[in-house]
Amino acid sequence: MAEGREGMFVILLHYCKPLEVIDEWKEAHFQYMDEQYEQGAFICSGRKEPRTGGVILASGDDEEQLWETIRKDPFYIRQAAEYQAIRFIPSRFDERFRCFVD
């Protein structure tokens, strides 16, 4: 890993329940997301288009800690989404993104 460069994760969510069920739990999920942003764990997130799940960009190098965080998501708890975490180390980026990688 480049010195001073923190790793990141791309987290892919794929819904396992119908959208009607997802919509019932989305407020709890949004509250969870807000908490993760406040703690600095998440950098960016949004839903997939078409609406089959979501994508989260998370900071950090510790995959075990990441999964501890993911397991708190109401969608995870209710088995409404499957999760995939892809670890990467940024090597090239737009200067506007520098504050997230230094």
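Colleague: How much area does the chain expose, and what share of it do carbon and sulfur atoms supply?

Modeller: Bear in mind that this is a predicted model. The area exposed by the chain comes to about 6600 Å². Of that area, the share from carbon and sulfur atoms is 48%.

Colleague: Happy with that. What radius of gyration does the chain have, and what would a compact globule have?

Modeller: Along the principal axes, the C-alpha atoms fill a box of roughly 45 × 25 × 20 Å. For 102 residues, a compact globule would come out near 13 Å, and the chain agrees with this, having a radius of gyration of 14 Å.

Colleague: In what order do the elements run from the N terminus on?

Modeller: The secondary structure consists of 4 helices and 4 strands. Read from the N terminus on, their order is β-α-β-β-α-α-β-α.

Colleague: Which element has the lowest mean pLDDT?

Modeller: Over the chain, pLDDT averages 92, and 95% of the residues score at least 70. Among the elements, the highest mean, 98, belongs to helix H3 (residues 74-77). The lowest mean is 80, and the element that has it is helix H4 (residues 98-101).

Colleague: Now to H1, if you don't mind. Where is the kink in H1 centred?

Modeller: H1 has 20 residues, and its span from first C-alpha to last is 27 Å, close to the expected 28 Å. There is nevertheless a kink of about 50° in this helix, and the residue at its centre is Trp25.

Colleague: Which residue that follows H1 has a positive phi?

Modeller: H1 covers residues 19-38. The residue with a positive phi that follows this helix has a value near 80°, and it is Gly40.

Colleague: Is His29 buried or exposed?

Modeller: His29 has its place in helix H1. Buried means under 20% relative accessible area. The relative accessibility of His29 is 9%, so this residue counts as buried.

Colleague: Which residues does His29 touch, leaving aside those up to four places away in sequence?

Modeller: His29 is listed with Ile22, Tyr32, Met33 and Gln36 as the buried residues of H1. The cover over these buried residues includes strands E1 (8-15), E2 (42-47) and E3 (53-59), along with helix H2 (63-70) and H3. Not counting residues up to four places away in sequence, His29 touches Leu13, Asp73, Pro74 and Phe75.

Colleague: Lovely. Last one: among contacts between residues at least 6 apart in sequence, what share joins residues at least 24 apart?

Modeller: Of the 102 residues in the chain, 32% count as buried. Among contacts between residues at least 6 apart in sequence, the share joining residues at least 24 apart is 73%.

How values were computed. Residues are numbered from 1 along each chain as its sequence is written. This is a predicted model: local features need pLDDT of at least 70, side-chain atom pairs count only at pLDDT 80 or more; totals for chains, interfaces and linings use all residues. Side-chain values use heavy atoms; hydrogens and water are left out. Helices (H or I, at least four residues) and strands (E, at least two) are DSSP runs, numbered from the N terminus. Buried means under 20% relative accessible area, exposed over 50%, partly exposed in between (1.4 Å probe, protein chains only). Contact means heavy atoms within 4.5 Å. pLDDT is the predictor's confidence in each residue, from 0 to 100. The expected span of a helix is 1.5 Å times one less than its number of residues. The bend at a residue is the angle between axes fitted to the seven residues ending there and the seven starting there. The radius of gyration is taken over C-alpha atoms; the globule rule is 2.2 Å times the number of residues to the power 0.38. Accessible areas come from the Shrake-Rupley method with a 1.4 Å probe; for residues, only the protein chains shown count as cover.
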